[in-house]
Every structure is written in C-alpha cells, then in structure tokens.
Amino acid sequence: MNDFYNPVHTFLEKGSTGRIPELVKELCPEGGSVLILSWNAAVFELAGFLRLAELPGISLQKLIFQVSNPTLEQLFAVYRETADFCPDVVIAVGGGSVMDVGKSLCCLYGKKIASEEELRAMIREKSFGAPRAKWIGVPTTAGTGSEVTCWATIWDPSQDAKRSLESKQNYAYAAIADPDLIRRMPLSLAVSSALDAMAHAVESCWAKNTNPVSRALAFCAVRTVMSHMDGLLSGEEQARDAMSRGSLLAGLAFSNTRTTACHSISYPLTMHYGIPHGTAVSLLIAPVFRLNRGRIREAEELLAALGVRNERELEERIHRILRAAAIPDSLEEWGVKREDLRILAEHGMTKGRADNNPVELTADGIERMLESIYACKTERERASA
Ligand SMILES: [Fe+2]
C-alpha cells in the first residue's frame, strides 16, 4: 500500500489554544453547541476558552473527565450526561483517554442508546454510522497521537476485551498541540508518553500497511523523540516542546498504518496489571524488533534513528530511560504473576494489531517475549544474555 490520507488541520505552537474560537466559528458559522471535555478545570481559564464562552450564538457545556483507560461503562455515563445537549462540536482537552472518549461521543450523538449493552453491540458491529458532531483535539500529554487518528480505544473489562471505535469520517477537524499545556506533565508520565510515541513511529515502519509518507514521518518522529529523551529526563523545557512535535509526527505516521505486535501484546498488561500504556509498549520494542528483524525495511537506519547500533543496545537504552524516570522496568516489579504469562500471551493476540505485524505471532512466541521482560535484570546480566 502506498496511499496516505489524513485530513486533520494541525497547529503546533505555543499559545495555539487561542485559535479555538475561530475554529469553532468555522464549524458553526450560524452558532451552535460545544461540549468541552477536559482533564481538568484549569484549561477553562485559558484565553482561548474564555473567548469561546463569549462568542455569540454558542452554547457551552463543560465536563471534567479524569479517567485513564476509559471503559465502555464510563463512555456510556458521559454519553448519558451530554446526549440531551447533543453538541455540534466536541473539544477534547487531555491525554489519549479524554480524546478517545471525546471522539467516540461524536459517533454516538443523535442515536438513541438506551443501555451499555446497546452501546457494546453498536461498537462491536460498527453500526454507529456517520458522526453527527465534529471534534477538536487538544492534547495535554505528548504521546498518544490520538488527536490525529480516527480510532478510539474503549476498554470493556466485564467482557475482558479492548474495543476500537473507528471511522474514517471521524478524524478531528483540528489538532492543537500547544507545548505550554504539555509542560505541566509529571516526569514519569512525560517519559511513558514519549516512549508510546516512539513505539507508534517504530511500529509504523514495519507495519504491513507501511508506506513512504508514513515512514518519512516515522523516522523524523523517532529521531525527534529519542534525541531529546536525555533532555526530557534532565528537565529541559525545549525537550518537552520536541516531544510534542515528535508525538504529532508519530501520530500522523501510524494514523495510516496502525500499530503492531508491541501494542497488541501490551493491552492485557495494561488492562490486568495497570502498567501504563507507554511503559508496557516500550518494554516490548526490543523483543519485537528481534522477532521482526528480517522483515524490517531499513532496519539499520531505524536503529540509527533510535540512537543505537543493535537490538541489545536498544533494550538497554529503553531500560535505562525507564529507570531514570523511576518507572519499574520488569513485569515482576509491576506485580505480574509468572503463572499468568501464558494467559497474558493468549490475550496478547489483539485483532487488527497482531495481524498487522510483518511476522506471524503465536501464543508460544509471545510467552517467550513476556518471559524475556519478566525479571528485573542488571545491565551485566542483560549483556551476557
Ligand atoms: Fe500507543
């Protein structure tokens, strides 16, 4: 496949939240209703949102949503709370979880959904149809790239499933990556998010749907993220700006390729053990690189973009980054039980991700990879492994 499509208007500069009123006016020239779904209340005081509230003909509903890894039940609760307001525009301000809920809502408004069961069936059968509302993504973390993708991850723990609500008609109208918002992230979240962005870019290079445009974006994203990682760890402000840029580039890259084995295998680790998404995928980058090596175009160039010479150095680099941010870097430290590795491996074959990996995944192969990241190892043990 060599086609690439992404219609999101992107803004990447300090103070770009000030563009929000003009974007809403473009979407609602005759006036309309706007839901602001935000991670916290502080954003309502930003100049762009204050001016939005003063726009004639615009009615606002503000809602705080502070959930990570949103579930179907939580999505349904927000839908119920806002369905009568039925906004024309949703502005989602937060990390990937807030954006995933915001973009999902756009597909749900205007439909009568009476229960969680109906919502589950609608997502499973992809029967939600064209979105009624448009959305604008304003990321406050630098990693998920959700502001430029057309799918949303909704967890369904009662069914032990991860669901994807996706529609090519549901790309954001605009993505506003304002580095001033991203600077407020705590270090461990900033590092985990940056590693998620790195994984999006790396996986898009070897995904079955990789293409020249996505690879160009991905290589630029990998270099941007990894060359500023030490700066991020030492608190440099410009490194946070770079992560904002790298995350957006990685998001654009994988918006057309999707992710592969690392993400596929990571989902049950997050769902059952609460390992932060970016941390879980980063632990799998080196093992999956080894698995895919023979099928990676420009593998040497990709390693160079990552700032390493081989898979062993890549593994070391990831673990050093995690430890420097005080993030546990083994499944054992995250409380994973060794006897659970087999079932985690079987649940790691996520549809749409596992089958997008260039090398076929098997439960045995995944179990071996999980075993390789299970125990806490010293650098010497790793070097002699
Ligand atoms: Fe991710």
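Strand β2 (residues 32–38) pairs with β3 in the parallel sense, over seven bridges. Within this predicted model, S33 stands opposite S59 in β3. The two strands belong to an open sheet of six strands. The order across that sheet is β1-β8-β5-β4-β2-β3, and the pairing is parallel. Its edge strands are β1 and β3 (58–64), each of which pairs on one side only. From one strand to the next, the twist averages 15 degrees.

Further pairings can be followed across the sheet. Strand β4 (residues 89–94) is joined to β5 by six bridges, and the two run parallel. Here V89 has K134 of β5 as its bridge partner. β5 is in turn joined to β8 by two bridges, again in a parallel run. In that pair, G137 stands opposite A175 in β8.

Strand β5 (residues 134–139) is largely enclosed by the rest of the structure, because six of its six residues are buried. Both faces of the strand are covered. K134, I136 and V138 are buried on one side. W135, G137 and P139 are buried on the other. Two of the residues named in the pairings, K134 and G137, are thus also buried residues of β5.

A helix is placed against the sheet at β1 and β8. Helix α10 (residues 237–254) lies across β1 and β8 (174–177). Relative to β1, helix α10 runs at about 165 degrees.

The loop between α10 and α11 (261–273) contains S255. S255 counts as buried because 24 other C-beta atoms lie within 10 Å, against a cut-off of 20 or more. When neighbours within four places in sequence are left aside, S255 is in contact with N6, V148 and T149. S255 and L50 are 205 residues apart along the chain, and their C-alpha atoms are separated by 32 Å.

A second pairing arrangement involves β6 and β7. Strand β6 (residues 151–156) and β7 pair in the antiparallel sense over six bridges. D156 stands opposite A161 in β7. The two strands form a hairpin with four residues between them. In the turn, D160 has a positive phi of about 55 degrees.

The domain assignment divides the protein chain into domain 1 (9–181) and domain 2 (187–384). Their C-alpha centres lie 27 Å apart. Contact between the domains involves 17 residues of domain 1 and 24 residues of domain 2. On the side of domain 1 that touches domain 2, β1 (9–12) and β7 (161–166) each supply at least two residues. By class, that side has seven nonpolar, eight polar and two charged residues. β1 therefore appears in three settings: as an edge strand of the sheet, beneath the description of α10 as lying across β1 and β8, and on the side of domain 1 that touches domain 2.Helix packing was examined for α3 and α5. The axes of helix α3 (residues 72–82) and helix α5 (residues 116–124) come within 10 Å and cross at roughly 110 degrees. This crossing makes α3 roughly perpendicular to α5. On α3, the contact is made by L72, E73 and F76. On α5, the contact is made by E116, L119 and R120. The residues of this contact divide into three nonpolar, no polar and three charged.

R215 is placed in helix α8 (residues 212–227). With 21 C-beta neighbours inside 10 Å, R215 counts as buried. Apart from neighbours within four places in sequence, R215 is in contact with C205 and T210. R215 and I64 are 151 residues apart along the chain, with their C-alpha atoms separated by 36 Å.

Conventions
Residues are numbered from 1 along each chain as its sequence is written. This is a predicted model: local features need pLDDT of at least 70, side-chain atom pairs count only at pLDDT 80 or more; totals for chains, interfaces and linings use all residues. Domain bounds come from an automatic or database domain assignment. Two residues are in contact if their C-beta atoms, placed from the backbone, lie within 7 Å. Ala, Val, Leu, Ile, Met, Phe, Trp, Tyr, Cys and Pro count as nonpolar, Asp, Glu, Lys and Arg as charged, and the others, Gly among them, as polar. Axes are lines fitted to C-alpha atoms, for helices over the stretch in contact, and angles run from 0 to 180 degrees between N-to-C directions. Angles under 35 degrees count as roughly parallel, over 145 as roughly antiparallel, 65 to 115 as roughly perpendicular and the rest as oblique. A residue is buried if 20 or more other C-beta atoms lie within 10 Å of its own, exposed if 12 or fewer, and partly exposed in between; C-beta atoms are placed from the backbone. Two strands pair if DSSP finds at least two bridges between them.
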